[in-house]
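Me: I would like a close look at how the strands of this model are arranged and what surrounds them. Please take the matter step by step and keep to what the coordinates support.

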Amino acid sequence: MMKKILIAMAVAVTVLSACDRPVEKPSWFTNEAYFEEKNGMYDEIPVFPGNIVMVGDDYIDRGLWSEFYADTTFKNRGITYDATPHVMYRIDRIAAGKPYKIFVSVGWNDILHGTPAEEIVANIELIFNRIHKKSPDTKCYWMNIVACPTLDEAQLAACERVNELVEALSKRAGFTYVDIDSALKDGIADGTFSWDNGKLLNGAGYAAMAKALEPFVDRTSLLNPADKEDALEVSDYYKHRVSLFRATPLAPGHIVMLGNSLNNNALWTELFPMGYILNRGISGDVVLGVDQRVEELERHKPVKIYLITGTNDFINEPEVTAVEVWQRYEKLIKDIREKMPYSAFYVMSTLPLNPKTKFYEGFNDRAAELNKLLASASGRYGYVFLDIARLLSDENGDLRSEYTTDGIHLSATGYFVWAAELSKGNRMLRDL
């Protein structure tokens, strides 16, 4: 007991004295490359006073918040695996934009990391103190930690303790405590809201979460869960993401960014803030996985489709040839053309890798050969081939170091080069 009191006193002193000091970069990461990729993009794209900003960890990052409420004032600033030191490190820049509201969801990964409950709570207090100092008029909310079945007895006790302490803290620290746990835990436990004990929410889980947030965001959730079984099980993440797509409301006449993590991780709705972009990227997706999702895409009747895929086919199958991947690609192209002949269709080249990734060896030659096949078939199938790879490559044909965080995925600079190419002419206008 005395040890806990001393910890609490120490962290209280820290809270009182630390708000004026810049926050040091966190000392630990579960996935530093992913943090750098997402945080680098967030640093370059501002938040504005009218925004409702969703900040935090896994559940926030994976949510399609602007689609949930059909409102582009929502901005996603989530990073999967974030803990309180990571949110604290980046909260000043978010709060400096003086958004209308900030919702924070953090603490789960601290518990997994073994951080004491009192330290987690002190960090949460410091996060909100920093928000209030940067933007006194911003309305602030904390979403409590969901007690998932994956937690052991000690972790469940820590979860309960953090929630209890933060609820008490909220009454004196100028933020609202939001009970997400009550809305989700039973559905997670019985498999209604998740297939993996809460690590990934499905469409029904996010529908319950978005519904619970309605009184606080002053918006009505438009999610309508509509799951079905898919023949090709690409990954648990794929299953989660498709479930989420199927739950989102119809958005006819939109521009769709379709493909793998290169689309999944991009802030297309902020790079092109016209209000009619749908991100249909799935990290880890393969060509036939994209093909399996054409039906979900068709229901929106998109005015334009931008497709990029093929990377994970080569990564997952080191011996697969460019011709074999092209055969899969050709089926996908035919299916899109058959089901959506009215859509303007752009196929973007498969990007090369940089030597910093372990998957580099033998990849770029196959990707280059695939791109030649994609370019040569554009007239036959009626699509526009955009050679994004050429813009992002160095003199050796590798993905430029300054355009990538890990040799595969793009930095903010890389996305800006890509977006500039898409901006040419009327490409990102939906009126054909």
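Which residue of E5 does Trp142 stand opposite?

Reply: The residue is Tyr177, which stands opposite Trp142 across the pairing with E5. Please bear in mind throughout that the model is predicted.

The two residues belong to a parallel pairing: strand E4, residues 139-143, is joined to E5 by 3 bridges. That pairing is part of an open sheet of 5 strands, ordered E2-E1-E3-E4-E5 and paired in the parallel sense. At its edges stand strand E2 (74-78) and strand E5 (176-178), each of which pairs on one side only. From one strand to the next, the twist of this sheet averages 20°. Helix H5, residues 84-96, packs on the sheet and touches strand E1 (52-56), E2 and strand E3 (101-105). The direction of H5 makes about 170° with that of E1. Helix H8, residues 153-173, lies across E4 and E5 and runs at about 150° to E5.

An aromatic pair involves the edge strand E2, whose range of 74-78 begins with Phe74. Across the model, 17 aromatic pairs are counted. One of them joins Tyr69 and Phe74, which are stacked with 4.9 Å from centre to centre and 15° between the planes. Tyr69 and Phe74 are both buried.

There is also an open sheet of 5 strands in the order E7-E6-E8-E9-E10, and its pairing is parallel. Strand E7 (277-281) and strand E10 (384-386) have a single partner strand each, so one side of each is left without a neighbour in the sheet. Direction ignored, neighbouring strands here are turned by 20° against each other on average.

Strand E8 deserves particular attention. On one side, E8 pairs with strand E6 (residues 255-259) in the parallel sense over 5 bridges, and Ile255 stands opposite Lys304 in E8. E8 is also joined to strand E9, residues 344-348, by 4 bridges, and these strands run parallel. Within that pairing, Tyr306 stands opposite Tyr346 in E9. Helix H17, residues 322-339, lies across E6, E8 and E9, and runs at about 165° to E9.

How covered is E8? Spanning residues 304-308, the strand has 5 of its 5 residues buried. In a regular strand the side chains alternate between the two faces of the sheet. In E8, Lys304, Tyr306 and Ile308 are on one side, whereas Ile305 and Leu307 are on the other, and every one of these is buried. Both faces of E8 are therefore covered, given that buried means under 20% relative accessible area.

The facing tyrosines of E8 and E9 can be examined in more detail. A pair of aromatic rings is described by the distance of the centres and the angle of the planes. The ring centres of Tyr306 and Tyr346 lie 4.4 Å apart with the planes at 10°, so this pair is stacked. The pair links distant parts of the chain, since Tyr306 in strand E8 and Tyr346 in strand E9 are 40 residues apart. Tyr306 has a relative accessibility of 0% and therefore counts as buried. Tyr346, at a relative accessible area of 9%, is buried as well. Elsewhere, Trp268, Phe272, Tyr415 and Trp418 form one aromatic cluster.

It remains to set these parts within the whole chain. The secondary structure comes to 21 helices and 10 strands. Of the 432 residues in the chain, 58% are buried. Among contacts between residues at least 6 apart in sequence, 72% join residues at least 24 apart. The C-alpha trace spans about 75 × 45 × 40 Å along its principal axes. The radius of gyration is 22 Å, and this agrees with a compact globule because one of 432 residues would have a value near 22 Å. The exposed area of the chain is about 18000 Å², of which carbon and sulfur atoms supply 52%.

Key:
Residues numbered from 1 in each chain as written. Predicted model: local features only at pLDDT ≥ 70, side-chain atom pairs only at ≥ 80, totals over all residues. Heavy atoms only, no water. Buried < 20%, exposed > 50% of the residue type's maximum accessible area, 1.4 Å probe, protein only. Pairing = 2+ DSSP bridges. Axes fitted to C-alpha atoms, helices over the stretch in contact; angles between N-to-C directions. Contact = heavy atoms within 4.5 Å. Rg over C-alpha atoms; globule rule 2.2 N^0.38 Å. Areas by Shrake-Rupley, 256 points an atom, 1.4 Å probe, with all protein chains shown as cover. Phe/Tyr/Trp six-rings, centres within 6.5 Å; stacked < 30°, edge-to-face > 60°.
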